[in-house]
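Welcome to this short tour! Please open your viewer, switch on the cartoon style and get ready to select residues as we go.

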Amino acid sequence: MPKIIYTRLLFWSDAFTVCAGLVLIHPAHRDDEALLQHELAHVAQMLTDGLLTWWWRYLTSARHRLLYEVLAYRRQLELAPGSLQTFAGYLVNNYGLRISLEQALAWLSDPTTLDRPAQPAQP
């Protein structure tokens, strides 16, 4: 289990996984187990891919960023099933993915879709 630090210095996000051993969460979300599970999904991804590989892919590849976030939001949805529209909106608006709301909803709501969603549109 990573160290969880609750900090108001996290002003740009509700939570942020720095590495597999450190997750930052804004204190306003201290009791949000679904958000914690989203971040723990990123911890598991980092442990699987390796920290530097994970960050490189996340920062340089929209396809990998989409994959990582879809899988993390799916985990979050297990505890917050009423948040599908909200999380789909986050995928569309917060990650520079160039995807439609319909695509985001499909990838989040259908567990039979591939673990590797289709590539987002290229600029």
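Which residue in strand 3 is the bridge partner of threonine 17? Select valine 23 and you have found that partner. Keep in mind on this tour that you are looking at a predicted model.

Now show strand 2 and strand 3 (residues 22–25) together: they pair in the antiparallel sense, over four bridges. In general, strands of a sheet pair through backbone hydrogen bonds, either parallel or antiparallel.

Next, widen the view to the sheet. Three strands make up this open sheet, in the order 1-3-2, with mixed pairing. At its edges are strand 1 (3–6) and strand 2 (15–19), each of which pairs on one side only. Ignoring direction, neighbouring strands of the sheet are turned by 20° against each other on average.

Add helix 1 (residues 33–49). Helix 1 packs on the sheet and touches strand 1, strand 2 and strand 3, while its direction makes about 20° with that of strand 2.

Move on to helix 2 (residues 51–60) and select Trp54, Trp55 and Tyr58, its buried residues. Look down the axis of helix 2: these buried residues fall within an arc of 90°, so they line one face of the helix. Their cover includes strand 2, helix 1 and helix 3 (62–79). On the other side of helix 2, select Leu52 and Trp56, which are exposed.

For the last stop, go to the loop between helix 4 (84–94) and helix 5 (101–109), where you will find arginine 98. The phi of arginine 98 is near 55°, a positive value in a residue other than glycine. Most residues other than glycine have a negative phi.

Note on methods: Residues are numbered from 1 along each chain as its sequence is written. This is a predicted model: local features need pLDDT of at least 70, side-chain atom pairs count only at pLDDT 80 or more; totals for chains, interfaces and linings use all residues. Side-chain values use heavy atoms; hydrogens and water are left out. Helices (H or I, at least four residues) and strands (E, at least two) are DSSP runs, numbered from the N terminus. Two strands pair if DSSP finds at least two bridges between them. Axes are lines fitted to C-alpha atoms, for helices over the stretch in contact, and angles run from 0 to 180 degrees between N-to-C directions. Contact means heavy atoms within 4.5 Å. Buried means under 20% relative accessible area, exposed over 50%, partly exposed in between (1.4 Å probe, protein chains only). The arc is that of the directions from the helix axis to the C-beta atoms.
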